[in-house]
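Reader: I should be grateful for a close look at the aromatic side chains of this chain and at their surroundings. Please treat the ring geometry in detail and then turn to the buried parts around it.

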Amino acid sequence: MNDPENFLPKKPHPLVNAFTDSLRDETNGIRSTKQLKSPKLQKLSQVLGWRNRFSQAELYPIDLALSGDIPDKKSSVYKFHVKQVQRGEIEETYGTGATVWPASMVLLKYLEHMVTKNDGKMWNFVGKTRGDSLNIGDLGAGTGVTSIAAAMLFEKSFVICTDGCEKVVGLAKENIGNVGTLEGNGSYKLGSSLLRGSKYWWGDGTIVKELHSFKGAGACFDIILISDCVLPKLYPIAPLIDALDECMSVSTIAYCTYEYRYYPDYDPKEHFIKLATQKGLLLTQIPTQDQHPIYSIDDIELWEITRCTNSSKVNVVS
């Protein structure tokens, strides 16, 4: 297996240069993070570290904590990497799905943060206990990085990694195949979980059919993952809402990361909320203080989406 360090860009990212220059002391040179008095500056330096360091690398490395403060479980870290294809969007070959976007890291590190905490919140919501098998759907999964992380974090789970671009699905399968073992039914075994890579046009029903074919006609998704897919300049929002609507039961919880980008025609978040409300879906913005202490930033929001059982109470909590 190739060492990800061999594929790091030779020059630092311009944003990193600009930030370190701003911290330069004429007498003592660059101050270390520990020397920074402002907690905000400390956090910003950490965010810049993970946000830009591997953005141009061929292989994007991930360190995933699997246990944290869970009693009676030895602490462990799972290390893996995913292949990125640069210029996929410019060359119109892979679209935007061939690289690891910062919002993906915010999402997978939030899952890590939740799983390694000993409060059981995530399992309680979906009516399960820690260690139960979960059905997980990843919409617009790109490189497959969040699907791989979910498979390792949620033991004995069934994960369907999807994208609408056939070439991107192929890239995700390549990345999954590098860490998992191909089974006879086309699924990949990773730890105690199973992963599948599939093409899925939002709202076409195929992801639900695939879930039922492997887990039974009554199976429902427990968790839906969406990372940085609210991009109206490139993708209409309505089909994404249709996908959520067909994938979500009353006990399903969806986690969606949204990076703010200016769009002249309308506010993407407000439009998303409007369409979601029409489908009886409730969006709650998760505060940054409840997210991973390092992998969280104000310009990338993390949403928790659930199905509201009382349409008169559908609203937005922020």
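Author: What follows describes the chain as a whole, then its aromatic pairs, and then several buried sites.

The model is predicted, and its local features are reported only where pLDDT is at least 70. The chain holds 9 helices and 14 strands. Of its 318 residues, 51% are buried. The accessible surface amounts to about 15600 Å², and carbon and sulfur atoms account for 51% of that area. Among contacts between residues at least 6 apart in sequence, 71% join residues at least 24 apart.

The aromatic side chains come next. A pair of aromatic rings is described by the distance of the centres and the angle of the planes. The structure holds 9 aromatic pairs. In one of them, Trp202 and Tyr235, the ring centres are 6.4 Å apart and the planes stand at 70 degrees, so the pair is edge-to-face; the cut-off for that class is an angle over 60 degrees. Trp202 belongs to the loop between β9 (193–199) and α7 (206–215), while Tyr235 belongs to the loop between β10 (223–227) and α8 (237–247), so the pair ties together parts that are 33 residues apart in sequence. Tyr235 has a relative accessible area of 29% and is therefore partly exposed, since that class runs from the 20% limit for buried residues to the 50% limit for exposed ones.

Tyr263 and Tyr266 form another edge-to-face pair, with 5.0 Å from centre to centre and 70 degrees between the planes. Their accessibility can be given for each partner. Tyr263 has a relative accessibility of 17% and so counts as buried. Tyr266, with a relative accessible area of 29%, is partly exposed. Ring pairs also link Tyr258, Phe272 and Trp303 into a cluster.

Charged side chains are placed over rings as well. Lys109 lies over the face of Tyr295, at 5.1 Å from the ring centre. Arg261 takes a place over the face of Trp101, at 5.7 Å from the ring centre.

The view now moves to the nonpolar interior. The largest nonpolar core has 49 residues, and within it Phe154 and Tyr255 touch the most other members. Helix α3 (residues 102–116) gives the most to this core, contributing 9 residues. Another core, of 31 residues, lies apart from it and has Phe221, Cys229, Ile241 and Ala276 among its members.

Helix α5 (residues 145–153) is mostly covered, as 9 of its 9 residues are buried. Among the buried residues of α5 are Ile148, Ala149, Met152 and Leu153. Of these, Ala149, Met152 and Leu153 are in contact with Leu64.

Leu64 itself is found in strand β3 (residues 59–65). With a relative accessibility of 0%, Leu64 counts as buried. Leaving aside neighbours within four places in sequence, the other contacts of Leu64 are with Ser76, Val77, Tyr78, Leu108 and Glu112. Leu64 also has Lys109 at 7.9 Å, C-alpha to C-alpha, although 45 residues separate the two in sequence. This is the Lys109 whose charge sits over the ring of Tyr295.

Tyr60 is another residue of strand β3. Its relative accessible area is 4%, so Tyr60 is buried. A polar atom of the Tyr60 side chain lies 3.5 Å from the backbone oxygen of Trp50. Beyond the neighbours within four places in sequence, Tyr60 is in contact with Trp50, Phe54, Ser55, Phe80, His81, Val82, Gln84, Val100 and Met105. For one of these, Phe80, the separation from Tyr60 is 20 residues along the chain and 8.5 Å between the C-alpha atoms.

A polar residue closes the survey. Asn135 lies in strand β5 (residues 135–139). Its relative accessibility is 9%, so Asn135 counts as buried. The side chain of Asn135 reaches the backbone oxygen of Cys220 at 3.0 Å. Leaving aside neighbours within four places in sequence, Asn135 is in contact with residues including Phe158, Leu211, Lys215, Ala219 and Cys220. The contacts of Asn135 also include Phe221, Asp222 and Ile223; of these, Phe221 is a member of the core of 31 residues.

Terms used
Residues are numbered from 1 along each chain as its sequence is written. This is a predicted model: local features need pLDDT of at least 70, side-chain atom pairs count only at pLDDT 80 or more; totals for chains, interfaces and linings use all residues. Side-chain values use heavy atoms; hydrogens and water are left out. A nonpolar core is a set of buried Ala, Val, Leu, Ile, Met, Phe, Trp, Tyr and Cys residues joined through side-chain atoms within 4.5 Å. Buried means under 20% relative accessible area, exposed over 50%, partly exposed in between (1.4 Å probe, protein chains only). Helices (H or I, at least four residues) and strands (E, at least two) are DSSP runs, numbered from the N terminus. Rings of Phe, Tyr and Trp (its six-membered ring) pair if their centres lie within 6.5 Å; planes under 30 degrees apart count as stacked, over 60 as edge-to-face and the rest as tilted. A charge sits over a ring if NZ of Lys or CZ of Arg is within 6 Å of the ring centre and within 35 degrees of the ring normal. A polar contact is a pair of N or O atoms within 3.5 Å; within protein, one must be able to donate a hydrogen and the other to accept it, and residues adjacent in sequence count only if both atoms are side-chain atoms. Contact means heavy atoms within 4.5 Å. Accessible areas come from the Shrake-Rupley method with a 1.4 Å probe; for residues, only the protein chains shown count as cover.
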